[in-house]
Amino acid sequence: MHSNKYIFLYSSAMVILVAVALTVVAVQLKPAQKNNIRIEKMQNILAAANINSTTKDAEILFKKFITEDVVVNSKGEIINGEQAFPVNLELETKKPPEKRLLPVFICTKENGEKNYIVPLRGKGLWGPIWGYVAFKKDFNTIAGAMFDHKSETPGLGAEINTSAFRQQFKEKQIFDALGKYMPVRTVKGGAKKNDLHGVDAITGGTLTSNGLSNMLQDGLSVYVEYFNKQKK
Amino acid sequence: MENFFNILIKAIFTGNMIFSFFLGMCSYLAVSKTIKTSMGLGVAVTFMLVITAPLNWLLNTYLLKAGALSWLGENYKDVDLSYLSFMIFIATIAAMTQLVEMMVEKFAPALYNALGIFLPLIAVNCAILGVSLFMQEREYTFSELLAFALGSGIGWWLAIVSMAAIREKIRYSNIPKPLQGLGIAFIITGLMGIAFMSFMGIKI
Amino acid sequence: MSTTKKDKEPVFSLKNMRLLTSPFNLNNPITVLVLGICSALAVTVQMKPAIIMALSVTIVTAFSSLIISVLRNTIPPSIRIIVQLIVVASLVIIVDQVLKAYVYDVSKKLSIFVGLIITNCIIMGRLEAFAMQNKPIPSFIDGIGNGIGYGMILVVVAFFRELLGSGKLLGMSVIPHSFYEMGYRDNGMMILPPMALITIGVIIWVQRSRNKSLIEK
């Protein structure tokens, strides 16, 4: 049998050894992991503006197309000295709307057309969902959208990140003919053909679709003032 | 409060630990031969979930998460220990099972006789670790987590007891030889899972 | 992979080879020993995550067996389980960090299921049943064998679910377009979790029909 002292020393040695080994691994790999997250964000933003990128060329394409970025507040005023890319939406959405930093990425296409991309974050059925929506220069018509999720049901709610679902958002509008705010929402059982403010909800993914509608409603409403100012 | 019940119901039915995430399958298949033992294990799992999940939530929020150590001072604001979370979670679970086993043995011998043999099995029940990991991934608040832990436990309990009930009856059926035992257990679980999926989209 | 190694290393004696291959069929951890089903079935919707998961489990089983076997005479019996858990948990953390750094898209799909390798009964089971009593090299081989035996089932399940559920293999469409024009549809049901269980049930059925000795009384 082993003495208590042996057991104690054995476990202490084990804990220290393991702690050192894990810390070394974690510190070594941290830069690569952070870079992956950064590249993914770039790819998402580009995807909203309908630019396909791979993990390799995302950085170059991002520099080429995303020519400008601004951070605004809910009154539509531009906040100087803030960068759009590092803004952490997870923290921002927890603040009250008037205190949030609201990033806008401006994408200039090869033909000179400008897209204005805003990030969104909300709750799906299980966990967080997020996305990016690109607007045309009228600040009303959607040019493209990109959504992703952490843990929605595969085959059902998880469909929000498929291109079939995302393509529906093209040419939809977030203001009605009188200029009143009316965001795009998901319609259970399918949207009417000429509905400018609705897309088909996902069959079997109703709660995820509802979460997505809420995310669009809340996430875009804070930008209304900025959009109205830009239109003039 | 509304959210509490919503998560509870979701965790019991649509996101049942066994039918949609396959967590805790080992003990589920091994112990679901009679209703009595499966009742015991079901209670034990629910009990441990309600104890370990909140504990792991506290550890995650005040120790592991990126920025969790900010209560120590400005210098620790950027410390991110989340890579240690697997280790911390499993250690908490193993330690808690041991502790609960000893306490139950000392203070409630009757309960110990009923649950005792199941407690050691729980340390390696994936459902327990799974709830803690889901909690971290889905960013639950404390009350949401309580609902989720309770719901997952009840869901698991419900699943194992109904499975045991079916298996007690199925002994008298004429099943193709190669399918008997494990094979049919898997298929029944699958069919039950399909039945549980019809709760999908339920809203409270 | 195992054949090239076999020529070079004498450690692959007949006995060791049997250790490696018996988990593939007669001692398959999933279909015969009912171990380790928990953590990994949810990743069998597509082939790629299933393969990565199988690899990760194999690596963790093999190396934890090796480490525990090397330490087996020094571990105090009273803290045996904790020591095993710590070794397994550290290996899993390392695997998780590496996946996050180098195959980020797959690691997102595996989400919490990498962490659940820790409670995979196969690993603890092999440590208790084999590595605690045997020398490092046979333990290592036993770990690899069990990891592969387990991974095989995962990949087979994923193969059918991806093929029938989304008409793809490893993300590439394999069902000819003309099939769809003739009215063929992907079976969305296969993507849902319960079908993984039924698929395994069928695999067990097939295996036991071919191998009568495994039939339960």
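Q: Let's start with L146(B): is L146(B) buried, partly exposed or exposed?
A: This is a predicted model, by the way. The idea is to look at relative accessible area, where between 20% and 50% counts as partly exposed. L146(B) comes out at 31%, so partly exposed is the label. L146(B) sits in helix α9 of chain B.

Q: Which nonpolar patch on the surface does L146(B) belong to?
A: Patch members need over 30% relative accessible area. Here L146(B) is joined by L55(B), L58(B), Y62(B), W71(B), L72(B), Y76(B) and F142(B), and together they have about 750 Å² of accessible area.

Q: Which helices of chain B each supply at least two residues of that patch?
A: Those are α4 (35-64) and α9 (142-170). The top contributor is α4(B), with 3 residues.

Q: Now the interface. How much area is buried between chain B and chain C?
A: Interface size is often quoted as the accessible area that is lost when the parts come together. For chains B and C that's about 3500 Å², with carbon and sulfur atoms giving 84% of it. In contact terms, 40 residues of chain B meet 44 residues of chain C.

Q: How many salt bridges does the rule find across the interface of chain B and chain C?
A: It finds 0. For residue pairs in polar contact, with both at pLDDT 80 or more, the count across this interface is also 0.

Q: And which helix gives the largest share of chain B's side of that interface?
A: That's α10(B), with 10 residues. The helices of chain B supplying at least two residues each to this side include α2 (17-21), α3 (25-31), α5 (85-107), α8 (126-138) and α10 (182-197).

Key:
Residues are numbered from 1 along each chain as its sequence is written. Chains are lettered from A and ligands numbered from 1 in the order in which they are written. This is a predicted model: local features need pLDDT of at least 70, side-chain atom pairs count only at pLDDT 80 or more; totals for chains, interfaces and linings use all residues. Side-chain values use heavy atoms; hydrogens and water are left out. Patches are made of residues with over 30% relative accessible area and no salt bridge: like charges are joined within 9 Å, nonpolar side chains (Val, Leu, Ile, Met, Phe, Trp, Tyr) within 5 Å. Accessible areas come from the Shrake-Rupley method with a 1.4 Å probe; for residues, only the protein chains shown count as cover. A salt bridge is a side-chain nitrogen of Lys or Arg within 4 Å of a carboxyl oxygen of Asp or Glu. Helices (H or I, at least four residues) and strands (E, at least two) are DSSP runs, numbered from the N terminus. Buried means under 20% relative accessible area, exposed over 50%, partly exposed in between (1.4 Å probe, protein chains only). Contact means heavy atoms within 4.5 Å. Buried area is the accessible area (1.4 Å probe) that two parts lose on being put together, summed over both. A polar contact is a pair of N or O atoms within 3.5 Å; within protein, one must be able to donate a hydrogen and the other to accept it, and residues adjacent in sequence count only if both atoms are side-chain atoms.
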